[in-house]
Amino acid sequence: MAPPPKSDPFLADSEREVDAGAVFVLESKGEWWHAGFHLTTAIVGPTILTLPYAFRGLGWGLGFFCLTVMGMVTFYAYYLMSKVLDYCERDGRRHIRFRELAADVLGSGWMFYFVIVIQTAINTGVGIGAILLAGECLQIMYSSLSPDGPLKLYEFIAMVTVVMIVLSQFPTFHSLRHINLASLFLSLGYSFIVVGACIHAGLSKNAPPRDYSLESSESARVFSAFTSISIIAAIFGNGILPEIQATLAPPATGKMVKGLLMCYTVILVTFYSTAMSGYWVFGNKSNSNILKSLMPDEEPSLAPTWVLGMGVVFVLLQLFAIGLVYSQVAYEIMEKKSADVQQGMFSKRNLIPRIVLRTLYMIFCGFMAAMLPFFGDINGVVGAIGFIPLDFVLPMLLYNMTFKPPKSSLTYWLNLSIMVVFTGAGLMGAFSSTRKLVLDAKKFKLFSSNVVD
């Protein structure tokens, strides 16, 4: 395979001025708190409602251990990546794309393509998942109001897709800052609602029986554990930190760390409370969406319906923000190839291709969401093959290659150990998650009206 053009990994300021992806989509006008909003939206999403489901494959002790380790390692990894980006900026090579950073530091043409393929898979997968879950939220609300109504899941997905097509016309990543601030408050809102609902359900006379036992077979326990680890990795992952840092007004040095601290404060509040309360009530019967455990199909809701309905609405609204954030890399690639910087962002020459390309992208994501409604299983596979290499391996490698810590230093060996351990965990997670996909295949039905857990 031919190496990528040299002008891409080592983009000079003069070349960036004619790069529409950089000038338009990744315009650098933001403050550190804007980066915090973007990061929080990218990480703290409705996938946290799968944490009790992940715990059922690990149990209490190992579950909290893995959740804590994943949090510490990802914060450390994102901190290291921000340091590498800051170093490159001080050296006159500010990178605004993950693929450019990897190709520059590692000096490898294939790494450029590796990152862009993995990033594209992650971002498209999250976009599909956001539309699917938003459609499921609409279906839940519709079913509670009209239990025998004729509308199917794919019809709600079509409705969500139309809304996403409209919202996708926000021209820049920076223009999403107010939406992502609202997203931050929405994540806190539905997390508190879920925690309160779980406590209410656990203390009520209709509380479900609690069983925290793991799989009876040792091999099944191992596979379930690695699948759960992959799910937690996917929940903590984002894979777009360089693109988020690109939205910061120069100089960006030091600003990203403040954004990370904001994001992980929200993580600390939401992740543990949701995991603990949901697993405490439902144990090994936890659904891949804990709201569905609180609203069983054949039994009355375990918390006031209006409270759970508010939680579903909050989740639905935040999913629009998540879909927009993870679409930015695709839009940046499209804009770089299709737009002309000299014509202006809102010129007819640039506006028409933007509307057409973004509409087609959202239609593709919506079609895939309607056709393949098995989000829970896909979440584990995405975590293993996508988020683990980008968020648990590459940051440590990039730091070691950039700052070259002595091989006798603690930093060098800590980074190396994290790379080795999480590479192994990623391989095992990919295998176990794929195994679960195969085992659940008999439940899959194209354009089904039910999401497979």
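The following legends describe close-up views of a predicted model.

**View 1. A nonpolar surface patch includes residues of helix α16.** The patch covers about 410 Å² and is made by I352, V356, L357, L360 and I363. One of these residues, L357, lies in helix α16, which spans residues 348–371. L357 is partly exposed, with a relative accessible area of 31%. This value passes the cut-off of over 30% that patch residues must meet.

**View 2. The lining of the second largest cavity.** The model holds 2 cavities of 30 Å³ or more. The second largest of them has a volume of about 40 Å³. Its lining consists of L85, E89, R94, H95, Q245, A246 and A252. Two or more lining residues come from each of the helices α5 (59–90) and α11 (241–246). By residue class, the lining of this cavity comprises 3 nonpolar, 2 polar and 2 charged residues.

**View 3. The salt bridge between R93 and D104.** The model has 9 salt bridges in total, and one of them joins R93 to D104, with the closest N and O atoms 2.8 Å apart. R93 is placed in the loop between α5 and α6 (98–106), whereas D104 belongs to helix α6; the two residues are 11 apart, and the pair links distant parts of the chain. The partners differ in burial: R93 is partly exposed, with a relative accessible area of 25%, while D104 is buried, at 12%.

**View 4. A network of salt bridges around R97 and E100.** The residues linked in this network are R97, R99, E100 and E332. Within it, E100 forms a salt bridge with R97, and the closest N and O atoms are 2.5 Å apart. Both E100 and R97 are buried.

**View 5. The salt bridge between R358 and E335.** In this pair the closest N and O atoms are 3.7 Å apart. R358 lies in helix α16 and E335 in helix α15 (residues 328–338), so the salt bridge ties together parts of the chain that are 23 residues apart in sequence. R358 and E335 are both buried.

**View 6. C137 and L319, brought together from separate parts of the sequence.** The two residues are 182 residues apart in sequence, yet their C-alpha atoms are 9.8 Å apart in space. C137 is found in helix α7, which covers residues 109–145. C137 is buried, with a relative accessible area of 5%.

**View 7. The cis peptide bond from P250 to P251.** The omega angle of this bond is near -5°, and the bond is cis. P251 is situated in the loop between α11 and α12 (255–282). Most peptide bonds are trans.

**View 8. The positive phi of K404.** Phi of K404 is near 45°, a positive value in a residue other than glycine. Most residues other than glycine have a negative phi. K404 lies in the loop between α17 (375–403) and α18 (410–439). The residue K404 is exposed, with a relative accessible area of 61%.

Notes
Residues are numbered from 1 along each chain as its sequence is written. This is a predicted model: local features need pLDDT of at least 70, side-chain atom pairs count only at pLDDT 80 or more; totals for chains, interfaces and linings use all residues. Side-chain values use heavy atoms; hydrogens and water are left out. Patches are made of residues with over 30% relative accessible area and no salt bridge: like charges are joined within 9 Å, nonpolar side chains (Val, Leu, Ile, Met, Phe, Trp, Tyr) within 5 Å. Accessible areas come from the Shrake-Rupley method with a 1.4 Å probe; for residues, only the protein chains shown count as cover. A salt bridge is a side-chain nitrogen of Lys or Arg within 4 Å of a carboxyl oxygen of Asp or Glu. Helices (H or I, at least four residues) and strands (E, at least two) are DSSP runs, numbered from the N terminus. Buried means under 20% relative accessible area, exposed over 50%, partly exposed in between (1.4 Å probe, protein chains only). On a 1 Å grid over the protein atoms alone, a cavity is a set of points where a 1.4 Å probe fits but cannot get out, and a pocket is an open set with protein on both sides within 12 Å along at least five of seven lines; lining residues have an atom within 4 Å of a point. Grid points are joined across faces, edges and corners, and a volume is the space filled by probe spheres set on the points. Ala, Val, Leu, Ile, Met, Phe, Trp, Tyr, Cys and Pro count as nonpolar, Asp, Glu, Lys and Arg as charged, and the others, Gly among them, as polar.
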